[in-house]
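Q: Please give a close account of one part of this structure, the interface, and then follow its themes into the residues around it.

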Number of protein chains: 2
Amino acid sequence: MSGSVTVIGLGPGDPRYLTPAASAALDAAQDLIGYFPYVARVPERPGLVRHASDNRVEVDRARHALELAAAGRRVAVVSGGDPGVFAMAAALFEALEAGDPAWKSLPITVEPGITAMLAAAARVGAPLGGDFCAISLSDNLKPWEVITARLSAVLAADLVVALYNPISRARPWQLGAALALAAEHRGPETPVILARAVGRPDEAIRILALAEARVAEADMATLVMIGASATRLIPREGQAPFVYTPRSVAR
Amino acid sequence: MSGSVTVIGLGPGDPRYLTPAASAALDAAQDLIGYFPYVARVPERPGLVRHASDNRVEVDRARHALELAAAGRRVAVVSGGDPGVFAMAAALFEALEAGDPAWKSLPITVEPGITAMLAAAARVGAPLGGDFCAISLSDNLKPWEVITARLSAVLAADLVVALYNPISRARPWQLGAALALAAEHRGPETPVILARAVGRPDEAIRILALAEARVAEADMATLVMIGASATRLIPREGQAPFVYTPRSVAR
């Protein structure tokens with residue numbers, strides 16, 4: 001077998017955030033696999049076969065990648081952001097573990113990318129300046145009780161919380177429930193960042209107080225960050241404030 | 001004032017992980033400020049004044065950057081990894097908030113980078129495939145009691161834990177204490193990743209069981225990841241295993 005799989009992070013969308021390593025891996029690929037909006041970000045070229053698929057078929061997509069690689073193809077699997085953060089890398093290793101034992105001798109590499117919380121944080125200041133966590137709010141893959149237990153734990157421990165997959169048509173109420181839980185642990189003025197489509201032409205970033213965020217609209221493309229108790233604003237004249245979390249915790 | 005400050009993430013070290021946006025910001029800079037090993041990563045060129053400083057003077061460095069920008073200079077402040085993750089961005093906003101009010105009208109931007117936990121995760125598989133957190137183990141800026149309370153919370157909530165600043169000459173015992181705490185919540189076979197100098201020529205990555213990791217050597221350049229209860233190995237013949245955390249939590 002001379003094929004290979006590289007799982008590639010495309011970053012938040014703007015090509016200026018795509019690493020040279022990820023670019024080179026895309027250039028070397030013969031087959032391109034991924035959720036269709038991510039496949040659409042990669043320019044067409046002769047010799048590159050595109051396999052775009054719908055959402056929520058991650059393991060099918062991963063198996064397809066491994067099958068093609070086993071047949072000798074150089075396969076690129078693409079994710080937005082970083083492939084290791086709520087994206088295709090874990091799905092690929094799930095498929096690898098459960099699949100043909102011969103797949104385990106394939107060269108498999110992962111090319112990291114700028115994940116949404118880092119891109120969103122950079123846009124507004126330094127909200128992740130202290131300890132923080134990343135939690136997927138989707139209850140497709142884990143029970144809602146696990147999600148709320150984790151949220152309660154990290155809110156009580158005063159971490160900044162980045163919420164991935166906050167909302168979708170099939171999951172309309174979970175973000176409101178998570179912000180209600182946050183309101184049990186944090187004051188109403190706690191900064192919340194709703195960062196939509198960071199690094200893309202339709203980027204829209206809102207910095208709201210927790211009380212306002214609870215009634216704000218969000219969608220699938222939004223990354224939500226809930227500040228820690230020390231997260232603060234630096235107001236600026238005629239511009240959005242900066243948001244940052246001090247590095248220190250008082251003794 | 002026509003000066004500006006850009007806080008730039010250099011990524012893990014290999015220039016192939018430096019984003020084009022970060023490269024462009026470095027090319028535009030007139031002054032380069034940072035901890036000396038990060039300044040040393042940026043090639044010298046005419047017109048670029050270098051101000052390398054020692055560790056632990058982050059706020060002095062940030063003030064210096066703001067003063068130079070206020071005097072009309074285009075200043076780049078560099079951090080390894082991502083500047084918003086236990087690095088210079090929060091220090092800059094601390095200095096901005098406490099400093100000359102006129103600084104608030106300066107153009108200040110942050111260029112994200114590949115932070116160590118993403119680079120390390122990509123090297124070994126997908127250990128951050130589920131919910132995870134990033135905690136700095138340094139008790140220079142927060143009390144040790146806060147660190148252990150946070151660690152206990154995230155270990156009990158079964159998050160993957162990335163530990164930044166795990167050890168230094170002045171803090172020799174904290175990593176051992178953190179791994180002992182982990183052993184109260186996780187089995188002895190839980191995968192622990194010790195990723196040293198990822199993306200640099202002296203890169204060394206070890207995948208150990210928690211029981212082994214507790215007696216392993218580490219240093220300042222090491223990023224430590226402690227798996228969740230579901231984090232698992234995929235053994236491979238003649239190669240290091242892959243490590244991944246499944247996306248699902250059983251109902």
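A: Helices and strands are taken here as DSSP runs, a helix being H or I over at least four residues and a strand E over at least two, with numbering from the N terminus. The model is predicted.

The interface comes first. Chain A and chain B bury about 6000 Å² between them, and 61% of this area lies on carbon and sulfur atoms. On the chain A side, D131(A), R150(A) and R247(A) supply 13% of the area buried against chain B, more than any other three residues. The contact draws 71 residues from chain A and 71 residues from chain B. Across this interface, 26 residue pairs are in polar contact, and 10 salt bridges are counted between the two chains. Helix α4 (residues 88-98) of chain A gives the largest share of the side that touches chain B, namely 7 residues. By class, that side of chain A has 44 nonpolar, 11 polar and 16 charged residues.

Some of the charged residues can be followed individually. D131(A) forms a salt bridge with K142(B), with the closest N and O atoms 2.5 Å apart. R247(A) meets E94(B) in another salt bridge, at 3.0 Å from N to O. E94(B) lies in helix α4 (residues 88-98) of chain B and R247(A) in the segment after β13 (239-244) of chain A, so this pair joins two chains. Buried means under 20% relative accessible area; E94(B), at 15%, therefore counts as buried, and so does R247(A), at 16%. A network of salt bridges links E58(A), E94(A) and R247(B).

Over all chains the count comes to 24 salt bridges. One of them lies within chain B, where E203(B) pairs with R123(B), the closest N and O atoms being 2.9 Å apart. E203(B) is in the loop between β9 and β10 and R123(B) in helix α5 (residues 116-124), so the bridge ties together parts of chain B that are 80 residues apart in sequence. E203(B) is partly exposed at 29% relative accessible area, as is R123(B) at 34%. R196(B) forms a salt bridge with D202(B), at 3.3 Å between the closest N and O atoms; R196(B) is partly exposed at 26%, and D202(B) is partly exposed at 42%.

The loop between β9 (191-196) and β10 (204-209) of chain B also holds A197(B). Most residues other than glycine have a negative phi. A197(B), however, has a positive phi near 55°, and at 2% relative accessibility this residue counts as buried. D158(B) is likewise not a glycine and has a positive phi of about 65°; D158(B) is found in the loop between α6 (144-156) and β8 (160-164) of chain B.

The nonpolar interior completes the account. The largest nonpolar core has 52 residues, and those with the most contacts inside it are L151(A), L163(A), L151(B) and L163(B). A second, separate core of 46 residues includes A121(A), V160(A), A162(B) and A195(B). Beyond its sequence neighbours up to four places away, L163(B) touches eight residues, among them I135(B), L137(B), L151(B) and I226(B). Q174(A), in helix α7 (residues 174-185) of chain A, is buried with a relative accessible area of 2%. With residues up to four places away left aside, Q174(A) touches L137(A), D139(A), W144(A) and P166(A).

Conventions
Residues numbered from 1 in each chain as written. Chains lettered and ligands numbered in written order. Predicted model: local features only at pLDDT ≥ 70, side-chain atom pairs only at ≥ 80, totals over all residues. Heavy atoms only, no water. Core = buried A, V, L, I, M, F, W, Y, C linked by side-chain atoms within 4.5 Å. Buried < 20%, exposed > 50% of the residue type's maximum accessible area, 1.4 Å probe, protein only. Contact = heavy atoms within 4.5 Å. Buried area = accessible area lost by both parts, 1.4 Å probe. Salt bridge = Lys/Arg side-chain N within 4 Å of Asp/Glu carboxyl O. Polar contact = N/O pair within 3.5 Å; in protein donor to acceptor, adjacent residues only side chain to side chain. Nonpolar A, V, L, I, M, F, W, Y, C, P; charged D, E, K, R; others polar.
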